[in-house]
Amino acid sequence: MSDELTVVDLEPTIANLTEMTLKRPDDLRSVARDEELQPRVVLNLLLIGLAGIALFSMAFTIILACAPPLDWVPRVSLTDRSVLRPVLTYTIGMVGALGLCLPSFYFYGLLAGVRASMLQVTAISLHALANTGMILMGLLPIYVGAILGLIVLGATDGPLYPFLIGVGLLLPYVAGLATLRVMYRGFVDLVRTLPEARAESRAPMVRLLAVAWAMLYTAVAPVTLWAVRTQLEKVL
Amino acid sequence: MRMEETVLLYLLIGLAVGASLAWRDRRRAGLWLTVGVIFWPIFVPLLFSRPRPLRPRTADELDSLRDEAARLAPMLPEIDGLTRAIGAAAGIRAGADELRRLLETQEAALSADEPALARNERTREVREARVADLEKIRTARDEQEARYLKIVSRVREAITQAHLSRFSDDARRELAKQLARLADETDILEPRT
């Protein structure tokens, strides 16, 4: 078969979407535009994002429970229900923030004049969430290695240990910030839905709203994480 | 409203959303119900989207290309090759349609057999084999559809070039190149006997 006819596999399976998230974001955006595929894309992107965030927060919980405690970090024990707190805070918090922002994202799209369905906006947002999950999975071995190194070397008295614990607490949020670019690109990509004559004149407005879109999530995510954590502390 | 009441309300709405999603896709009903109950704000938009039938590949598309090629042929005899490429595209489309029908039949059969296939370890292995089989059909169908689209795009490009070549020699030389490339690709898809 000639190279010209090479076919790229665009089936939205979890494996394919993971690969597209990492290597072919343009393909992922094009799959997310396909209305037939959107239900599977949305479901699988959510699962990828949740898997990454849950894996990181489980590892972080074990670190918090086993490493020397710090005064300013909530105590976690592997023998009671508090073990669920970090996992639930990060998974529910990150996805909850997205759920809260979705209607605004959709109306921003309408305001910008792009032709995007609510489902398409959801797919773009979940692309960013899946990216967050992948970044966290990628950083996890490095982070665990660094913390374990400090514990094995007995260097938990120095300033580096509290700093690394603080980094761990903020990492899901920071990874979320790193994926704002994905959200921005996804939103700006919607300019394609406009007629050619209008696309050029509307593009600055779309870019501006894409920035506003990203800033909204940046503001809502930490508030949601804090609110979920506070509520979970009462019940767990 | 207290926290408990809020959570209860959230879960009730989630149950309704999850059940609707599970009803729509019974093959993954358990998964849809679970994620629907917990993360319903994300999935509400799915309920407002109408399930769409697969894109129809009507015969009109190839017929109109065939007519256009026939109309241009008296002015540009070299575009005879287009007819063969359109024939190859029709063959590929027929194959993709067959795969689509096969997939629908096999998916329906799997859905009907689901309760029996969930009984024990051995039947679960049979189920996995059937799911893998479905995946093979799906991949083959997607490949055929992509090939079809590729050939049709090439034919469309050649027809555009044929129109342009009536006005310039450069365009006619470019048309010859495009037709040669299309002939090569058609040879690969449908070898000459």
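In the predicted model, helix H4 (residues 84–112) of chain A packs with helix H8 (residues 196–235) of chain A at an angle of about 150 degrees, their axes being 7 Å apart. Since angles over 145 degrees count as roughly antiparallel, H4(A) and H8(A) are therefore roughly antiparallel to each other. The crossing in which H4(A) passes H8(A) is right-handed, and the residues of the contact between H4(A) and H8(A) comprise 24 nonpolar, 5 polar and 4 charged.

A second pairing in chain A involves helix H2 (residues 25–33) and H5(A), which pack at an angle of about 155 degrees with their axes 9 Å apart. That angle makes H2(A) roughly antiparallel to H5(A), and the crossing in which H2(A) passes H5(A) is right-handed. On the side of H2(A), the residues A:Pro25, A:Leu28, A:Arg29, A:Ala32 and A:Arg33 take part, and they meet A:Gln120, A:Ala123 and A:His127 in H5(A). By residue class, this contact of H2(A) with H5(A) divides into 4 nonpolar, 2 polar and 2 charged residues.

Among the residues of this contact, A:Arg29, whose place is in helix H2 of chain A, has a relative accessible area of 9% and is therefore buried, the cut-off for burial being under 20%. When residues up to four places away in sequence are not counted, A:Arg29 touches A:His127, A:Arg185, A:Gly186 and A:Asp189. Of these neighbours, A:His127 is also one of the residues of H5(A) that H2(A) meets.

Helix H5 (residues 118–152) of chain A also holds A:Met137, a residue that is partly exposed, with a relative accessible area of 31%. If neighbours within four places in sequence are left aside, A:Met137 is in contact with A:Ile48, A:Ala51, A:Gly52 and A:Leu55. The last-named residue, A:Leu55, stands 82 residues from A:Met137 along the chain, yet the C-alpha atoms of A:Met137 and A:Leu55 are separated by 7.2 Å.

Turning to chain A as a whole, the secondary structure consists of 8 helices and 0 strands, so that the elements, read from the N terminus on, run α-α-α-α-α-α-α-α. Of the 236 residues of chain A, 50% count as buried. Where contacts in chain A join residues at least 6 apart in sequence, 77% of those contacts are between residues at least 24 apart.

Chain B, for its part, comes to 7 helices and 0 strands, with elements that run α-α-α-α-α-α-α from the N terminus on. Buried residues make up 33% of the 193 residues in chain B. Among the contacts in chain B between residues at least 6 apart in sequence, 67% join residues at least 24 apart.

Within chain B, the buried residues of H2(B) are B:Trp32, B:Val35, B:Gly36 and B:Val37. These buried residues of H2(B) pack against helix H3 (38–66) of chain A, together with helix H1 (3–24) and H3 of chain B; their surroundings are thus drawn from both chain A and chain B.

Aromatic pairs were also counted, and the total comes to 8 over all chains. One of them is formed by B:Trp32 and B:Phe43, an edge-to-face pair with 5.6 Å centre to centre and 85 degrees between the planes. This pair links distant parts of the chain, with B:Trp32 in helix H2 (residues 29–38) of chain B and B:Phe43 in helix H3 (residues 40–48) of chain B, 11 residues apart. The relative accessible area of B:Trp32 is 3%, so B:Trp32 is buried, and B:Phe43 is likewise buried, with a relative accessible area of 0%. In chain A, an aromatic cluster is formed by A:Phe56, A:Phe60 and A:Tyr143.

Key:
Residues numbered from 1 in each chain as written. Chains lettered and ligands numbered in written order. Predicted model: local features only at pLDDT ≥ 70, side-chain atom pairs only at ≥ 80, totals over all residues. Heavy atoms only, no water. Helix = DSSP H or I, 4+ residues; strand = E, 2+ residues; numbered from the N terminus. Buried < 20%, exposed > 50% of the residue type's maximum accessible area, 1.4 Å probe, protein only. Contact = heavy atoms within 4.5 Å. Axes fitted to C-alpha atoms, helices over the stretch in contact; angles between N-to-C directions. Parallel < 35°, antiparallel > 145°, perpendicular 65-115°, else oblique. Left-handed = near helix turned anticlockwise from the far one by under 90°. Nonpolar A, V, L, I, M, F, W, Y, C, P; charged D, E, K, R; others polar. Phe/Tyr/Trp six-rings, centres within 6.5 Å; stacked < 30°, edge-to-face > 60°.
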